[in-house]
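Trainee: Could you walk me through one part of this model up close? I'd like to see how a single strand sits among its neighbours.

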Amino acid sequence: MAAASANIERPNSTHIARKKADKAFSLPFGMVDCIFENEGPEHTFSMLRPLLTPWQDMYSRVVDLIYRKGYKIRGFHTLKKTDIGQKIVFLYHDVHFRDIVPALALAGINRQRGISSTFNLLWEFTSLDSFCRPGYSLFRHLENENVEIALHTNPVSAWLNRKVFRGDDKAYMKWVHTTAVGDLHSLAKTPLFGAYSSQDIVDKSIDYFNETVSDMKTVFRSINVASHHGDVLARAISNHSASVVPIFTGADFIMGDRLERLDIDGEIRSMARQYDLYHFNETKNKKQYLTNLEFALESEQTISMINHPVDMHQGSKRIQFL
Ligand SMILES: [Zn+2]
């Protein structure tokens with residue numbers, strides 16, 4: 001038996017990605033897309049209500065608490081200097097493939113209650129995200145004053161995975177875990193990057209970023225901001241190097257001179273830093289989530305607030321930053 005199974009072709013990372021996605025979704029996105037297209041959001045949300053309820057219940061409690069404390073909720077594209085000092089929660093959601101259905105749930109509440117927030121889609125980041133493109137694309141039916149669409153990414157990682165490793169997620173992950181790079185200069189010196197200088201790595205990452213934004217614009221009306229994805233590359237580099245090289249985290253890449261070359265207005269975390277917003281993160285202890293939020297709201301400061309929609313759920317084992 002063992003000898004026979006050894007001859008079976010190993011699945012490549014795309015197969016693995018599909019398998020993961022199949023497990024994660026009980027919802028055929030094509031069908032939901034058809035319902036949105038033909039019946040409109042109202043009808044689609046009422047059909048999906050039983051599926052969306054667990055996330056909608058928790059999100060409604062969060063929204064109720066924010067309003068009870070006298071705060072308004074807004075998306076990041078509207079953030080401006082004069083907002084600072086006002087009781088506003090600038091709310092954003094990092095949407096990975098596992099967040100797609102829960103993010104629909106949140107978008108439904110936004111629509112019901114006239115809330116606006118920013119949905120950062122992990123668009124064309126890995127081959128799994130390409131496979132889930134029909135799910136991410138559902139948000140085109142909801143893009144309006146309640147749902148601002150943005151890009152969730154790490155420019156250097158995205159370019160490496162999709163262009164250098166040609167979307168082979170598994171090979172890319174293996175390389176990340178076995179390559180001791182601490183900075184762009186040492187990355188450029190590794191055999192794989194013999195052809196690229198440090199400047200090339202920056203330029204190519206900018207090119208892939210802009211390519212991704214223009215690809216999103218074929219589906220969505222506008223993409224104004226991005227949020228950084230704290231991925232394996234940034235973590236591996238911080239493990240290998242005493243001082244983390246900022247360029248490997250999206251938040252530090254998408255700023256300064258580079259921002260001028262990127263086809264967006266700003267990155268959420270660096271905007272929050274620039275305006276010195278009170279950052280309300282997710283927490284490992286979900287029982288403390290609402291207590292911690294109440295504490296943050298009592299500061300009366302302007303707040304930036306992140307969540308991964310899948311964790312906006314009473315039953316979630318994990319409410320934490322990713
Ligand atoms: Zn992320």
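Mentor: Let's start with the cut-off we need: a residue is called buried if 20 or more other C-beta atoms lie within 10 Å of its own. Keep in mind that this is a predicted model. The protein averages a pLDDT of 86, with 84% of the residues scoring at least 70. Over residues 1–9, though, the pLDDT is below 50, and that stretch has zero contacts in the model beyond near neighbours in sequence.

Now for strand 8, residues 303–307. Five of its five residues are buried, so the rest of the structure largely encloses this strand. Look at how the side chains alternate: Ile303, Met305 and Asn307 point one way, while Ser304 and Ile306 point the other way, and all are buried.

Then check the strands it pairs with. Strand 2, residues 88–95, pairs with strand 8 in the parallel sense over five bridges. Strand 7, residues 278–280, also runs parallel to strand 8, with three bridges between them. Ser304 is a handy landmark here: Phe90 stands opposite Ser304, and so does His279.

For some context away from the strand, have a look at helix 3 (residues 29–68) and helix 4 (residues 100–113), which pack at an angle of about 90° with their axes 7 Å apart. That makes helix 3 roughly perpendicular to helix 4. By class, their contact has 14 nonpolar, three polar and two charged residues. Among those meeting there are Phe45, Leu48 and Trp55 in helix 3, and Leu104, Ile109 and Arg111 in helix 4.

Technical notes: Residues are numbered from 1 along each chain as its sequence is written. This is a predicted model: local features need pLDDT of at least 70, side-chain atom pairs count only at pLDDT 80 or more; totals for chains, interfaces and linings use all residues. pLDDT is the predictor's confidence in each residue, from 0 to 100. Two residues are in contact if their C-beta atoms, placed from the backbone, lie within 7 Å. Axes are lines fitted to C-alpha atoms, for helices over the stretch in contact, and angles run from 0 to 180 degrees between N-to-C directions. Helices (H or I, at least four residues) and strands (E, at least two) are DSSP runs, numbered from the N terminus. Angles under 35 degrees count as roughly parallel, over 145 as roughly antiparallel, 65 to 115 as roughly perpendicular and the rest as oblique. Ala, Val, Leu, Ile, Met, Phe, Trp, Tyr, Cys and Pro count as nonpolar, Asp, Glu, Lys and Arg as charged, and the others, Gly among them, as polar. A residue is buried if 20 or more other C-beta atoms lie within 10 Å of its own, exposed if 12 or fewer, and partly exposed in between; C-beta atoms are placed from the backbone. Two strands pair if DSSP finds at least two bridges between them.
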